[in-house]
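Biologist: Let us go through this structure together. I will ask what each label rests on, and you set the value against the definition.

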Amino acid sequence: MKVFKKYLKQFIDNYDEVISTSNDFRFEEINELSTDSRSLNKGDLFIALKGENFNGNDYINESIFKGASLCISDENEKKKTISVKSTQRFIEDYSIYILNIMKNIKIIGITGTNGKTSTKELTNSILGLKFVTHSTKGNLNNKIGLPLTILNMNEDTEVLILEMGTNDIGEIGKLVDIANPDVATITNIGKGHTLKLKNRETIFKEKFSIVKNFNSSSCFAFNLDDDYMKKEYLRSNLNKIGFSIKADSDVRAENLSDDYQTFTLVYKDKKTKINLKAKGINNIYNSLCASSIALFFKMNLEDIKIGIERYQGISNRFNIIDSENNNTIINDTYNANPNSMQSAIEMTSQIFSKKHKIAILGDMLELGDIEQIEHTKIGEILAINKFDQVFIYGNNYINYKNGINEDLEIIEISDHSEITNFIDLKKISNTVILIKGSRGSKMENILKYLYK
């Protein structure tokens with residue numbers, strides 16, 4: 001049974017922020033939890049949450065019409081409705097209440113600039129071999145997604161794996177106050193969301209607040225190839241485990257293949273060869289991080305290998321697609337920041353060094369004052385990695401161009417569909433095409449037109 005359903009009546013009866021209840025519903029008739037009236041099914045509990053661009057209270061009537069068993073609202077007092085002071089605070093308080101009841105559950109918190117979701121999925125893949133796990137769905141890692149993840153877990157859950165995201169100061173701390181992790185990690189400290197988190201120092205301080213409620217039994221996994229993480233590792237008194245490719249550490253990757261598909265996982269005097277389905281140096285680091293967490297749970301290297309190797313990768317994240325005429329498309333359209341953009345360019349160049357190389361790039365968003373210089377740096381990185389042609393969509397064409405030398409052809413497109421004016425997969429061969437940009441650039445549309 002889902003925990004939100006098991007404990008709902010008990011929580012409501014003791015929740016001092018209930019304003020009114022209509023008393024024309026039955027708790028035992030509730031099926032699933034829904035926050036979206038469009039996908040709500042008959043019998044669901046509908047919670048009317050608010051965001052920047054939506055107000056769930058506007059859909060109470062629609063939800064009741066579609067058969068909701070009960071609605072939680074902070075504006076409406078209607079039939080089949082419990083009215084509370086704040087629906088956001090309701091899901092947070094209810095999550096805390098549930099975790100206080102389920103004291104034996106182990107909680108993992110994962111944050112970082114890049115690799116959070118992949119590391120979460122790898123950790124789930126490994127630990128799922130030994131434990132009943134529940135993890136963040138997709139990247140629902142904010143103040144709404146994290147409580148909903150907790151509420152949607154089953155009562156037999158043994159390990160809860162939570163992705164924790166932030167784009168402003170104090171957000172990680174708020175998530176930690178809801179779900180105090182027993183084990184935590186920061187995958188890396190890069191340049192992302194610098195519109196509000198101004199620099200890497202601020203990003204580090206914000207993300208490292210994930211340990212603010214740690215106790216003597218808690219453990220932290222450190223990426224020792226990240227300069228901020230290594231410095232903290234050396235001075236930290238936390239229970240800790242380190243992972244790296246370059247540095248001396250507890251968990252290491254050795255013998256990396258040129259295409260970043262295979263490596264040797266090393267822990268103390270034990271070694272095992274790993275063959276990634278989702279290749280890339282980023283996923284080697286993510287695998288090391290997940291392995292470090294798994295070792296805290298006393299998983300052996302043989303099971304860790306199985307868990308890593310069954311991980312298929314995440315949609316739109318450096319997905320390598322073989323196409324006709326020996327062409328390859330790399331779909332890395334999920335998101336972008338300077339670190340992930342540089343990594344994608346360098347991996348494309350190294351893995352496909354013998355192919356003609358094309359990049360189709362969108363804007364990197366939420367960079368604030370460093371937007372211009374970071375796009376220019378990416379232009380320089382494209383040139384260093386010997387790309388032959390670059391197409392730019394978005395507002396940073398000039399900034400990219402300023403970093404690109406005259407030997408590299410750069411073309412601006414004002415609409416995704418314009419790519420068909422320049423690239424026909426049937427007429428080119430032995431070419432790799434990297435497609436990447438921030439979520440707001442919707443670069444996945446490029447794929448639609450390339451295959452049209």
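Modeller: Keep in mind that this is a predicted model. One pair to start with: Thr328 has Val432 in E20 as its bridge partner.

Biologist: What makes E16 and strand E20 (residues 431-436) a pair?

Modeller: The count of bridges. Pairing needs at least two bridges between the strands. E16 and E20 have 5 bridges, in the parallel sense. Therefore they count as paired.

Biologist: What about strand E15 (residues 319-322) and E16, parallel or antiparallel?

Modeller: Antiparallel, with 4 bridges joining E15 to E16. Asn319 stands opposite Asn331 in E16. The two strands form a hairpin with 5 residues between them.

Biologist: Why is strand E16 called largely enclosed?

Modeller: Buried means under 20% relative accessible area. In E16 (residues 328-332), 5 of the 5 residues are buried, so the rest of the structure largely encloses the strand. Thr328, Ile330 and Asp332 point one way, Ile329 and Asn331 the other, and all are buried.

Biologist: Which residue in the turn of the E15 and E16 hairpin has a positive phi?

Modeller: Asn325, at about 60°. Asn325 is not a glycine.

Biologist: Why is Asn325 called partly exposed?

Modeller: The class runs between 20% and 50%. Asn325 has a relative accessible area of 37%, so it is partly exposed.

Biologist: Is Tyr260 buried or exposed, and how do you know?

Modeller: Buried. The relative accessible area of Tyr260 is 11%, and the cut-off is under 20%, so the label holds. Tyr260 also has a positive phi, near 60°, and is a residue other than glycine. Tyr260 lies in the loop between strand E12 (251-254) and strand E13 (262-267).

Biologist: Why do strand E1 and strand E2 stand at the edges of their sheet?

Modeller: Follow the order. The open sheet has 5 strands, E1-E5-E4-E3-E2, with mixed pairing. Strand E1 (18-21) and strand E2 (33-34) each have a single partner strand, so one side of each is left without a neighbour in the sheet.

Biologist: How do you know that strand E4 and strand E5 pair?

Modeller: At least two bridges are needed. E4 (residues 70-73) and E5 (residues 81-84) run parallel and are joined by 3 bridges, so the requirement is met. One partnership is Ser73 with Ser83 in E5.

Biologist: Which residues have the most contacts inside the largest nonpolar core?

Modeller: Ile108, Leu288, Ile304, Ile378 and Leu382, in a core of 62 residues. Helix H10 (residues 281-296) gives the largest share of this core, 8 residues. A second, separate core has 57 residues, including Tyr15, Leu146, Leu160 and Ala247.

Biologist: What does Ile378 touch, leaving aside its neighbours within four places in sequence?

Modeller: Pro338, Met341, Gln342, Ile345, Leu361, Met364 and Tyr400 are in contact with Ile378. Contact means heavy atoms within 4.5 Å.

Biologist: What makes up the lining of the second largest pocket?

Modeller: 17 residues line it, and Leu99, Ile105, Ile107, Asn180 and Asp182 lie nearest its centre. A lining residue has an atom within 4 Å of a pocket point. The lining divides into 8 nonpolar, 5 polar and 4 charged residues. The volume of this pocket is about 290 Å³.

Biologist: Which element gives the most to that lining?

Modeller: H4, with 3 residues. Helix H4 (87-101), strand E6 (106-111) and helix H7 (171-178) each supply at least two.

Definitions and conventions:
Residues are numbered from 1 along each chain as its sequence is written. This is a predicted model: local features need pLDDT of at least 70, side-chain atom pairs count only at pLDDT 80 or more; totals for chains, interfaces and linings use all residues. Side-chain values use heavy atoms; hydrogens and water are left out. On a 1 Å grid over the protein atoms alone, a cavity is a set of points where a 1.4 Å probe fits but cannot get out, and a pocket is an open set with protein on both sides within 12 Å along at least five of seven lines; lining residues have an atom within 4 Å of a point. Grid points are joined across faces, edges and corners, and a volume is the space filled by probe spheres set on the points. Ala, Val, Leu, Ile, Met, Phe, Trp, Tyr, Cys and Pro count as nonpolar, Asp, Glu, Lys and Arg as charged, and the others, Gly among them, as polar. Buried means under 20% relative accessible area, exposed over 50%, partly exposed in between (1.4 Å probe, protein chains only). A nonpolar core is a set of buried Ala, Val, Leu, Ile, Met, Phe, Trp, Tyr and Cys residues joined through side-chain atoms within 4.5 Å.
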